[in-house]
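Thank you all for making the time this morning. I would like to walk through one structure with you, going from the overall fold to a few individual residues, and I will put it on the screen now.

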Amino acid sequence: MSNYLSITQKETEEMFDAIGISKCADLYADIPLSIKNKPPFNIEKGKSHQQVMDEMAAYAEENTVFKTIMRGAGAYDHYIPSVVKYLSSRSEFLTAYTPYQAELSQGILQSIFEFQTMICSLTGMEVANASVYDGSSAAAEAAFMCVEKDRRVILVPSNVKPQVVQTINTYLRRRNITVKVLGEEEGFVKNGKVDIAALERALNDETACVYFEQPNYFGLIEDAEHICEAVHSKGCKVIMGCNPMTLALLKSPGECGADIAVGDAQPFGLNIAFGGPYLGFMATHTDKETMRRMPGRIVGETKDDKGRRCFVLTLQGREQHIRREKALSNICSNQAHCALVASMYLAAMGKQGLRDVALSCTSLAHYAAQEFTKKGKTTLKFNGEYFHEFVTVSPLKATKIVEKCAKMGILAGLPIGKNEILWCFTEKVRKEDIDRVAALFN
Amino acid sequence: MKLIFERSREGLRCATIRPLEVSPYEFEKSYVRKDLDLPEVAEVDLARHYTELSHNAFGVDSGFYPLGSCTMKYNPKLNEEIAALPGFAKVHPLQEPSTVQGNMHLMYDLAVSLMELTGMDGMTLQPCAGAHGEFTGLLLIAAYLEARDGKKCKRNKVLVPDTAHGTNPASAVMAGFEVINVKSNAEKGVDLDDLRAKVGPDTAALMLTNPTTLGLFEKNILEIEKIVHDAGGLLYYDGANLNAIMGVVRPGDMGFDVVHLNLHKTFSTPHGGGGPGSGPVGCKQQLVEFLPDPSIIADKKGRFHFVRPKHSIGKVSTFYGNFSVMVKALAYIKTLGRDGLKESAEHAVLNANYMKARLQDIYTAETNRLCMHEFVIDLQKLKNETGVSAKDVAKAMIDRGMHPPTMYFPHIPGVIDEALMIEPTETENKQTLDEAIAVLRELHDMAYSDPQYLKDAPHNMPISRPDEVLAARQPIVKYKA
């Protein structure tokens with residue numbers, strides 16, 4: 001009963017006359033009769049806006065919204081400033097297409113240029129793209145960037161997010177590329193972290209690159225500088241997958257010596273939203289070869305014919321709409337609006353605010369770890385330094401702890417073993433909630 | 001316009017968080033970064049900055065947006081409000097399934113609706129954009145063919161018409177196939193003789209957009225289907241142009257085996273300046289067991305479960321895809337319903353034909369046939385006679401408060417070199433179309449009377465044409481103070 005058309009019956013008839021038809025069905029004369037208007041078309045009749053709101057809200061009400069979330073593992077529940085929500089929902093941003101027409105898209109182009117600059121700043125890199133789908137596809141695209149004719153092996157430690165490995169596998173499997181996942185059995189991962197000596201042994205002249213995460217899946221901070229050094233000594237490249245929130249405090253991929261920095265910038269102002277839309281970012285150095293292998297949109301500064309500063313989509317010779325089958329990626333639509341939200345978030349938090357958030361996350365996590373393990377019954381699985389995620393081992397069953405927390409309105413950490421839980425703390429978590437969960441352990 | 005970095009002044013703060021409730025944790029120096037350069041602005045600076053940027057952006061809400069192939073229809077506000085409900089926005093993707101039954105139910109219902117609309121037997125919502133869907137769909141085809149034909153499967157070629165979207169050949173290569181281009185016939189449909197010559201035991205699939213990128217329904221679709229299937233290949237449907245035929249004819253009934261859709265085109269979710277989109281992929285029964293991990297199934301008690309399809313190609317994105325986009329698309333489908341969806345398709349086609357009918361006496365339309373939801377005008381004659389190109393006309397439209405059509409696509413060198421592809425969409429009213437028609441007619445006259453004016457367009461924007469060569473030769477891709 002509802003639609004979004006804006007036309008009267010009289011106007012429709014005038015248009016029929018101009019075209020020389022008498023009804024809409026005449027427009028479809030080219031479609032073979034045998035396949036046209038085939039039932040069943042098992043979709044309900046249209047509903048009023050009010051009914052649709054009710055029906056959709058009913059789905060939402062079937063979900064549990066936890067007041068407190070102590071789970072991360074790839075999706076991070078941070079405070080989102082109101083100013084970000086309001087400004088980013090302006091319809092000029094929301095309802096625009098990709099800014100192919102620079103003259104009427106300077107606002108969008110500039111926002112992407114600002115996003116690229118902020119990502120470069122955080123990662124310590126020289127060039128960032130306008131975004132890819134998420135952290136997993138960013139890792140997969142970056143791995144492909146590193147592949148050379150006779151270097152076709154990608155090494156991945158088993159302590160990265162499982163979804164990322166799975167996505168890299170899906171992306172590269174049919175391109176004559178081998179993805180080797182090495183773990184504890186191979187001695188590649190020890191006490192939750194990449195073992196540098198084992199890494200050195202695993203590298204050879206067929207290795208294209210190593211992908212590792214900082215912090216890794218278990219929340220541990222890897223010895224990134226030594227990893228980069230070891231990998232480079234064998235002529236291979238390093239891709240560092242980062243939770244960008246940690247970069248407010250921790251050494252940047254650039255400082256550590258990584259060749260490509262990737263990750264998911266969802267923590268920057270994007271709702272956890274049941275997994276998407278999120279925001280894959282990619283940044284690297286500006287040597288010509290690397291930059292020209294980077295997928296996705298890149299915005300560059302230039303001048304108009306009156307010499308005024310302006311912005312355009314640039315280096316489009318890399319992309320599918322120009323290169324077709326010779327393009328290095330097929331990416332077209334990306335996560336532009338998410339990138340806008342992330343840059344608004346970074347501007348709103350600012351230099352000091354972002355540090356405050358990161359400090360709050362890591363301080364609450366360290367407090368929680370201390371409280372959870374106070375009585376010695378529950379311990380941390382790994383003894384390495386961590387940021388805001390860590391793994392506990394407890395005599396209590398993980399699922400039991402999740403249940404008990406749920407009763408308190410708290411989403412506990414993610415069970416990753418029968419007695420193991422991967423916890424995450426953000427600035428949204430209150431001390432009193434940590435104390436309540438600690439009471440379960442002690 | 002100032003950059004946000006140029007508005008920054010040391011020490012200013014905007015958003016703030018709760019003071020620390022525990023003692024601050026200090027990392028050892030070796031972990032800590034040197035410096036972090038981010039803007040420092042007050043909230044009012046931030047609000048002014050982004051409002052200024054928004055004034056220099058152009059969305060569907062700003063005006064006519066006939067960007068061919070992109071389906072820039074109106075994006076309903078209701079759907080935005082629904083997607084922002086805490087039950088959707090504030091739910092963690094790794095919550096226990098018993099606590100997210102609503103979201104799983106919603107995804108299940110959306111998948112079923114999309115299967116109905118496309119005539120498919122299975123559907124994944126995981127791909128995040130159309131191109132991502134193409135890649136996923138081709139991986140499905142590869143996995144299916146390998147299972148069907150065994151290890152000896154030599155079907156390594158994907159056929160792509162020369163008028164196809166650039167993503168088609170690029171996706172085929174990403175999925176490990178070799179691309180074979182198929183020529184167009186006089187009506188820019190698939191040249192059947194060329195197709196017959198090129199299909200064979202090495203054919204994995206033909207990728208096709210129908211309506212074609214020329215905005216015409218591929219009349220020979222049933223013949224094409226027979227040629228490809230008889231050769232043992234599959235038929236892939238690029239859903240970029242589904243808006244013309246949704247509710248009228250289903251890709252599954254045309255013989256397609258795999259379909260990708262663009263929720264950000266056909267199902268009215270906003271493009272956001274280049275994403276996020278959503279590119280669900282549907283398939284016929286024999287391919288269902290290869291769909292990405294996870295799929296959602298319903299049990300007899302009406303509970304929903306994540307399952308890994310038996311021979312899944314794996315994951316293509318981190319979680320389940322762009323969930324918020326799915327929410328908006330389902331709200332749209334519920335609002336329009338089966339009749340409204342069909343009516344939208346009809347009006348999309350009506351609007352395109354109306355514009356074409358009122359322009360084709362002066363602009364060379366690519367066909368005299370009725371078009372579907374979009375049509376291509378070829379400005380070669382105008383360029384030969386006046387020097388004014390498709391780009392010049394497009395830029396002059398900007399001055400009149402309209403977004404230009406898609407330029408230089410499709411591009412077949414020597415055949416179509418000066419294309420403008422116009423897709424008005426169904427949500428534009430007759431007054432808007434009449435104004436656009438008047439503008440295009442006026443610009444055509446002006447090409448003869450004052451060509452330089454068009455070559456210098458736009459005149460009324462904050463910038464004139466940017467130097468793209470300079471941008472590519474000396475890339476400046478981040479701000480330096």
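Among contacts in chain A between residues at least 6 apart in sequence, what percentage join residues at least 24 apart? The value is 70%, and I should say at once that we are looking at a predicted model, so please hear everything that follows as a description of that model.

Let me stay with chain A for a moment. Chain A has 15 helices and 17 strands, and its C-alpha atoms fill a box of roughly 85 × 55 × 50 Å along the principal axes. The chain has 442 residues, of which 66% count as buried.

For a single residue within that chain, I have picked A:Met240, which sits in strand β8, residues 237-242. With a relative accessibility of 0%, A:Met240 counts as buried, and, once neighbours within four places in sequence are set aside, the residues it contacts include A:Phe212, A:Gln214, A:Ala224, A:Pro253 and A:Cys256. A:Ala258 is also one of those contacts, and although A:Met240 and A:Ala258 are 18 residues apart along the chain, their C-alpha atoms are separated by 6.1 Å.

Turning to chain B, the domain assignment divides it into domain 1, residues 4-55, domain 2, residues 78-335, and domain 3, residues 345-468. Between domain 1 and domain 2 of chain B, the distance from one C-alpha centre to the other is 42 Å.

Two helices of chain B make a useful contrast. Helix α5, residues 130-149, has 20 residues and spans 28 Å from its first C-alpha to its last, close to the 28 Å expected at 1.5 Å a residue. Of those 20 residues, 17 are buried, so to speak of α5(B) as mostly covered is fair, and the helix is followed by B:Gly150, which has a positive phi near 80 degrees.

Helix α10(B), on the other hand, has 37 residues, yet its end C-alpha atoms are only 41 Å apart, where a straight helix would reach 54 Å at 1.5 Å a residue. Where is the kink in α10(B) centred? It is centred on B:Gly337, and the bend there is about 95 degrees. As for its surroundings, 31 of the 37 residues of α10(B) are buried, so this helix is largely enclosed by the rest of the structure.

In the loop between β9 and α10 of chain B we find B:Arg308, which counts as partly exposed at 49% relative accessibility. Setting aside neighbours within four places in sequence, B:Arg308 is in contact with B:Asp293 and B:Gly314, while B:Ile296, 12 residues away in sequence, lies 8.7 Å from it, C-alpha to C-alpha.

That brings me to the aromatic residues, and to where the two chains meet. Over all chains, the structure holds 31 aromatic pairs. In one of them, A:Tyr278 and B:Phe319, the ring centres are 6.0 Å apart and the planes stand at 80 degrees, so the pair is edge-to-face. A:Tyr278 lies in the loop between β9 and β10 of chain A, and B:Phe319 in the loop between β9 and α10 of chain B, so this pair joins two chains. A:Tyr278 and B:Phe319 are both buried.

A second pair has another geometry: the rings of A:Phe387 and B:Phe27 have centres 5.8 Å apart and planes at 5 degrees, so they are stacked. Here A:Phe387 comes from the loop between β13 and β14 of chain A, and B:Phe27 from the segment before α1 of chain B, so this pair too joins two chains. Both of these phenylalanines, A:Phe387 and B:Phe27, are buried.

Going back to A:Tyr278 and B:Phe319, ring pairs link them with A:Phe274, B:Phe88, B:Phe306, B:Tyr320 and B:Phe323 into a cluster. Elsewhere in the model, A:Arg174 lies over the face of B:Phe177, at 4.5 Å from the ring centre.

My last residue is B:Asp253, in helix α9 of chain B, residues 251-254. Is B:Asp253 buried or exposed? Its relative accessible area is 17%, and buried means under 20%, so B:Asp253 counts as buried. Apart from neighbours within four places in sequence, B:Asp253 is in contact with A:Ile35 and A:Lys38.

How values were computed: Residues numbered from 1 in each chain as written. Chains lettered and ligands numbered in written order. Predicted model: local features only at pLDDT ≥ 70, side-chain atom pairs only at ≥ 80, totals over all residues. Heavy atoms only, no water. Domains from an automatic or database assignment. Phe/Tyr/Trp six-rings, centres within 6.5 Å; stacked < 30°, edge-to-face > 60°. Helix = DSSP H or I, 4+ residues; strand = E, 2+ residues; numbered from the N terminus. Buried < 20%, exposed > 50% of the residue type's maximum accessible area, 1.4 Å probe, protein only. Lys NZ or Arg CZ within 6 Å of the ring centre and 35° of its normal. Expected span 1.5 Å × (residues − 1). Bend = angle between axes of the 7 residues up to and from the residue. Contact = heavy atoms within 4.5 Å.
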